[in-house]
Amino acid sequence: NIHLLGKSIIHDNVIIRGDFANVRLGRQCVISKDVVLRPPHKRIKSGIAFFPLLVGDNVFVGEGSVVEATSIGCNVYIGKNCVISKRCILKDCCWIKDNTVLSPETVVPPFSVYEGCPGRFSEELPMS
């Protein structure tokens, strides 16, 4: 259930939970030490439903981060010790600064920077 689509770097002590739903990593991703990647879940009347975790190309995830997003676009930088909560959507070309905690179901627009606890929009990235 774990699909690696190219030359990605996965460091020591990384946990990728592919036992509940699919996890798909794009090309040229870097997953740093002590990162946890797990598919998001949602409680429903009959139990718990798990959704796939889709990670785009050229994504960097910093040390000690926990990612439970629904999808992460291409060219995304996630800093150290970040928590990307359940069912978050990170669009292409965004930057999550160190120690940021995103609330569940947050949608991060393209070319934006989020920081803080809870994660809030702080600035816009230039187009080039």
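Me: Why is Tyr114 called buried?
Reply: Buried means under 20% relative accessible area, exposed over 50%, partly exposed in between (1.4 Å probe, protein chains only). Tyr114 has 10%, so Tyr114 is buried. This is a predicted model: local features need pLDDT of at least 70, side-chain atom pairs count only at pLDDT 80 or more, and totals for chains, interfaces and linings use all residues. Residues are numbered from 1 along each chain as its sequence is written, and side-chain values use heavy atoms, with hydrogens and water left out.

Me: Which class does Phe121 fall into?
Reply: Partly exposed, because its relative accessibility is 46%.

Me: How many aromatic pairs are there?
Reply: The count comes to four. Rings of Phe, Tyr and Trp (its six-membered ring) pair if their centres lie within 6.5 Å; planes under 30 degrees apart count as stacked, over 60 as edge-to-face and the rest as tilted.

Me: What makes Phe60 and Tyr77 a stacked pair?
Reply: The centres are 4.9 Å apart, and the planes differ by 5°. Both values meet the rule, which asks for centres within 6.5 Å and planes under 30 degrees apart.

Me: Why does this pair tie together separate parts of the sequence?
Reply: Phe60 lies in strand β10 (residues 60-61) and Tyr77 in strand β13 (residues 77-78), so the parts joined are 17 residues apart in sequence. Strands here are DSSP runs (E, at least two residues), numbered from the N terminus. Phe60 is partly exposed at 27%. Tyr77 is partly exposed too, at 34%.

Me: What makes Tyr114 and Phe121 edge-to-face?
Reply: Their planes stand at 80°, with 6.2 Å centre to centre. The angle is over 60 and the centres lie within 6.5 Å, so the term applies.

Me: Which residues form a cluster through ring pairs?
Reply: Phe60, Tyr77 and Trp95.

Me: What sits over the ring of Trp95?
Reply: The charged end of Lys97, 5.0 Å from the ring centre. The rule wants NZ of Lys or CZ of Arg within 6 Å of the centre and within 35 degrees of the ring normal.

Me: How many disulfides are there?
Reply: Zero. A disulfide is a pair of cysteine sulfur atoms within 2.5 Å.

Me: Why is Cys74 in no disulfide?
Reply: The nearest cysteine sulfur, that of Cys93, is 7.9 Å away, so the 2.5 Å cut-off is not met. Cys74 is partly exposed, at 27%.

Me: What about Cys94?
Reply: Cys94 is in no disulfide either; its nearest cysteine sulfur, that of Cys93, is 8.0 Å away. Cys94 is buried, because its relative accessible area is 2%.

Note on methods:
Helix = DSSP H or I, 4+ residues; strand = E, 2+ residues; numbered from the N terminus.
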